[in-house]
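The following note concerns the ligand site and the overall fold of the structure below. The points are numbered for ease of reply.

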Amino acid sequence: MEQLGTTVIEYILDEQAQAPEATGAFTSLLSELIVAAKIIARETRKAGLLDVLGSTGERNVQGERVQKLDDYGNNVIISRMGNSGHLCAMVSEEVADVIEIPDRYGQGNYVLVFDPVDGSSNIDANVSIGTIFSIYRRVSEGEGYTMADVLQPGRRQVAAGYIIYGSSTMLVYTAGNGVHGFTLDPSVGEFLLSHENIRTPERGKIFSVNEGNYYFWDDDVRAYVDHLKGKDGSKPYSSRYIGSLVADFHRNLLYGGIFMYPADGKDPRKPTGKLRLMCECNPLAFVCEQAGGAASTGGMRILDLEPLDIHQRVPLYIGSKQDVEEAEAYLGGERPQ
Ligand code: P6P
């Protein structure tokens, strides 16, 4: 009889069985999120055929044009996860304020933070896009939520990961016991274990950054990127930049290298960089560190940042540990040779 392989639910249940304090709530929460991912994957695969391409004409809290698949993904996750009974609050990159859980759905002990469809500006060009998620345990007691439940540092995440909608649909997640990848088999509608215990190389040969911002960076950032390009006679890295965070991150996670979104003076509304700490940087930093990599603002560990607000933006240097350490040295004014 053909062996199906290990499904993601089987894998999570096995992890749960090894965690004596596990109540099953967390597993149930992840299961709901996986269903939402399958629904979004289905629409993404047909995006060119359905009326989900293009923009809704609205702008989100970030002032960015909302793409129809953004909206669709946001609504799917909010509706499915909202009535899972396991959450006390949600934060979406697409929604200005914390999303409350209606009493009728029952409240739980977790907070879900997510970017429903990151890289959505690439949808119309059929470039890989992704959903990014982060799960925290609440810290307060009683009904509803408090901002203390929501504004937690990334080191307190209990799980994080992403779904990449590309040539195949993959779920990559960590619950603090390594990083594991599952590839969707559309013929059975299951995510099957395909990349157990992903480890990222100590040092890579790829750098990913939007060099169109070069003249808006400060001198230390330019010096680092010049170094990666071999200006000082060092062996140059290859430049790879898709402009879709999940796709760029996933490639570097598997192959090694560094992804950067430095602070730049280009947009006075975004003096600390474009990417969001809670919805993008923290979840990917958790995954990256669990795979042996590192994630920094260029000055400090991403996971140690105390969030100031749910849509706070920070500079991001993430990937192979030695590459991130070298970036931090350059941003600290050193010029390692
Ligand atoms: P830029 C997509 O809009 C996104 O949020 C990330 O997915 C991506 O890494 C980044 O912005 C690209 O930004 O300024 O290089 O186009």
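**Note on the ligand site and fold**

1. The note should be read with one fact in mind: this is a predicted model. Every distance and area quoted here is therefore a property of a predicted model.

2. As to the fold, the chain comprises eight helices and 15 strands. Its radius of gyration is 20 Å, close to the 20 Å that the globule rule gives for 337 residues, so the chain is as compact as a globular protein of that length. The C-alpha trace spans about 60 × 50 × 45 Å along its principal axes.

3. Where does the ligand sit? It occupies the largest pocket. The residues surrounding the ligand are Asp118, Gly119, Asn210, Tyr241, Gly243, Ser244, Leu245, Phe259, Tyr261, Lys274, Arg276 and Glu280.

4. By class, this shell is made up of four nonpolar, four polar and four charged residues.

5. Three side chains place a polar atom at short range from a ligand oxygen atom, as listed here. For aspartate 118, the distance from a polar side-chain atom to an oxygen atom of the ligand is 2.5 Å. For tyrosine 261, an N or O atom of the side chain is 2.6 Å from an oxygen atom of the ligand. For asparagine 210, a polar side-chain atom lies 2.9 Å from an oxygen atom of the ligand.

6. Taken alone, the ligand exposes 400 Å², and the protein buries 84% of that area.

Methods:
Residues are numbered from 1 along each chain as its sequence is written. This is a predicted model: local features need pLDDT of at least 70, side-chain atom pairs count only at pLDDT 80 or more; totals for chains, interfaces and linings use all residues. Side-chain values use heavy atoms; hydrogens and water are left out. A residue is near a molecule or strand if one of its heavy atoms lies within 4 Å of it. A polar contact is a pair of N or O atoms within 3.5 Å; within protein, one must be able to donate a hydrogen and the other to accept it, and residues adjacent in sequence count only if both atoms are side-chain atoms. Accessible areas come from the Shrake-Rupley method with a 1.4 Å probe; for residues, only the protein chains shown count as cover. On a 1 Å grid over the protein atoms alone, a cavity is a set of points where a 1.4 Å probe fits but cannot get out, and a pocket is an open set with protein on both sides within 12 Å along at least five of seven lines; lining residues have an atom within 4 Å of a point. A molecule sits in a cavity or pocket if more than half of its atoms lie within 2 Å of its grid points. Ala, Val, Leu, Ile, Met, Phe, Trp, Tyr, Cys and Pro count as nonpolar, Asp, Glu, Lys and Arg as charged, and the others, Gly among them, as polar. Helices (H or I, at least four residues) and strands (E, at least two) are DSSP runs, numbered from the N terminus. The radius of gyration is taken over C-alpha atoms; the globule rule is 2.2 Å times the number of residues to the power 0.38.
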